[in-house]
Amino acid sequence: MKKITLMNHIGEPAEPLVEIGETVETGQVIAKSEEDALGSIYHSSIEGKVKDVTNEAIFIKPLDKDGLPIQEMSPESEKDILKLDEDDSLSLIKAAGVVGSGGAGFPTYKKLDLDLGGEGIVIANGVECEPYLLHNKERMKKNPEDIITGIKTAMSLVNANKAYIVVKEKEKKVVDVLTNKLKDEEKIEVKTVKDIYPMGEERAIIREVLGKLLEPDELPLEANTVVLNIETLLNVKRAIVDRTPVVAKDITLVGRIGEGRTQKPLFDVPLGTTIEELIEESGGLSNSVGEIIMGGPFTGQNVTLETPVNKTTGGVIVTLPLPNREKMKVGLLECGCGGQGERLTELAEKMGAEVVGTEKCKQAVEMKNGNLKCTNPGECPGQAEKILNLKKNKADAVITGTCADCTNTVMGVAPKLKLGVFHSTDHVNRTMGDRLVRKLKE
């Protein structure tokens with residue numbers, strides 16, 4: 001059963017267009033937002049029969065060609081995806097249901113409906129900011145020509161004269177592949193950034209590549225720039241060249257799955273596939289589970305086995321149990337780049353700890369939607385005042401979700417005050433047998 005959720009985008013909700021009992025084809029439109037509203041369109045990821053319809057999701061049971069249930073039909077091997085028939089590029093992107101694949105799901109047709117005046121820049125974000133995620137990196141090696149075609153299309157639509165593909169400096173193979181493919185392209189270059197969280201945040205990328213630091217409430221357009229995720233650009237190419245809609249998602253599966261540690265990309269996973277299906281196909285669960293995280297270690301959300309893959313799913317991480325710190329008093333340090341209050345409180349509860357105080361990172365500012373953003377992502381001053389406040393609240397330890405640089409400053413203060421430090425990513429790193437997020441330099 002595929003559970004295709006209908007609100008994986010910014011804007012107006014998508015309204016179901018199918019009924020229970022209806023047979024649908026792969027690529028058939030099953031839900032859409034109102035025509036003139038900011039929103040998105042959803043398509044069936046398989047050929048099947050609609051088993052249930054709600055305002056939040058559509059449940060589809062797969063069928064084979066004879067109408068009998070089957071276990072799986074991957075879009076990568078499916079030959080009968082319904083084709084789009086719109087005339088112009090923006091209409092094709094909208095009809096395909098393309099939204100931002102690496103963020104909050106902003107509808108791509110709207111992001112590309114502008115004119116940069118022939119002097120603007122398109123940035124292809126291949127940084128894969130979160131630790132352990134690697135499907136963007138592997139996709140760039142697997143289909144570099146498709147990514148480049150997507151970039152050229154975006155440049156043409158927004159009237160840009162330059163494009164940069166941005167990846168981490170440690171990804172030498174990706175750089176080599178892209179550089180080779182771009183040897184005859186004068187207007188597209190590869191740029192690299194440090195392997196420090198959160199270098200994939202769009203304002204951090206613009207700062208590193210263009211030397212311009214945007215305010216927390218400013219959009220890339222203020223730098224005459226459009227930033228698009230690598231997979232989003234792949235979907236742009238598929239919409240315009242192949243005339244196929246978004247029916248699948250690339251993700252990275254991470255954690256204690258099967259008999260050992262797993263970290264592998266999964267390409268073209270049909271939308272609506274449950275996490276349980278992915279885990280079972282990769283060996284199942286053989287260890288006690290602490291959390292199942294959808295997203296990355298820093299900003300992902302705790303979900304269940306029944307949670308389906310959607311248009312914005314990045315990683316699926318299965319962790320070992322969190323440490324037991326029953327009756328320990330902890331203070332929370334919120335971050336604009338990583339774990340915020342609700343997430344840190346959730347971790348404290350799972351550890352059995354008592355929260356005695358909450359502080360915000362020195363550079364975190366509250367936005368209109370209540371979320372925090374950093375004034376200068378990844379470059380943080382000392383947090384001594386914040387740690388001292390938590391010490392005054394009788395905290396025995398600090399739980400923080402801060403970026404790498406900010407955590408570095410926390411570790412320069414907390415141990416001297418005899419405060420323990422837990423990071424929101426610790427249980428993921430322990431699961432994978434890696435070092436914890438602590439000081440950047442020994």
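The lining of the largest cavity in this predicted model divides into 6 nonpolar, 3 polar and 2 charged residues. The cavity has a volume of about 80 Å³. Its walls are formed by L322, P323, L347, M351, I399, F422, H423, S424, D426, H427 and R430. Three elements each give two or more residues to this lining: α9 (341-351), β22 (420-423) and α12 (426-431). Helix α12 supplies the largest share, with 3 residues.

A search of the whole structure finds 3 cavities of 30 Å³ or more. The second largest has a volume of about 50 Å³. Its lining has another make-up: 3 nonpolar, 3 polar and 4 charged residues. Among those residues are K32, E34, E35 and K94, along with I41 and Y109.

Now turn to the packed regions. In soluble globular proteins, nonpolar side chains tend to be buried together. Here the largest nonpolar core holds 37 residues. Within this core, L112, I151, I165 and I188 touch the most other members. The elements that give two or more residues to the core are α1 (89-95), β8 (120-125), α4 (144-158), β9 (160-168), α5 (172-181), β11 (225-229) and α7 (230-242). Take I151 as a way in. Beyond its neighbours within four places in sequence, I151 is in contact with A124, A163, I165, I188 and L233.

A second, separate core has 14 residues, including L253, L266, I292 and V309. L266 and V309 also appear among the contacts of I251. That residue is found in strand β12 (residues 248-257). What is the relative accessible area of I251? The value is 0%, so I251 counts as buried. With neighbours within four places in sequence left aside, I251 is in contact with H135, K264, P265, L266, V269, L278, V309, T313, G314 and V316. V309 is 58 residues away from I251 along the chain, yet their C-alpha atoms are separated by 8.7 Å.

Strand β11 brings in a polar residue, N229. Is N229 buried or exposed? N229 counts as buried because its relative accessibility is 15%, and the cut-off for buried is under 20%. A polar atom of the N229 side chain lies 2.7 Å from the backbone nitrogen of E231. Outside its neighbours within four places in sequence, N229 is in contact with S101, G102, N125 and N136.

Technical notes
Residues are numbered from 1 along each chain as its sequence is written. This is a predicted model: local features need pLDDT of at least 70, side-chain atom pairs count only at pLDDT 80 or more; totals for chains, interfaces and linings use all residues. Side-chain values use heavy atoms; hydrogens and water are left out. A nonpolar core is a set of buried Ala, Val, Leu, Ile, Met, Phe, Trp, Tyr and Cys residues joined through side-chain atoms within 4.5 Å. Buried means under 20% relative accessible area, exposed over 50%, partly exposed in between (1.4 Å probe, protein chains only). Helices (H or I, at least four residues) and strands (E, at least two) are DSSP runs, numbered from the N terminus. Contact means heavy atoms within 4.5 Å. A polar contact is a pair of N or O atoms within 3.5 Å; within protein, one must be able to donate a hydrogen and the other to accept it, and residues adjacent in sequence count only if both atoms are side-chain atoms. On a 1 Å grid over the protein atoms alone, a cavity is a set of points where a 1.4 Å probe fits but cannot get out, and a pocket is an open set with protein on both sides within 12 Å along at least five of seven lines; lining residues have an atom within 4 Å of a point. Grid points are joined across faces, edges and corners, and a volume is the space filled by probe spheres set on the points. Ala, Val, Leu, Ile, Met, Phe, Trp, Tyr, Cys and Pro count as nonpolar, Asp, Glu, Lys and Arg as charged, and the others, Gly among them, as polar.
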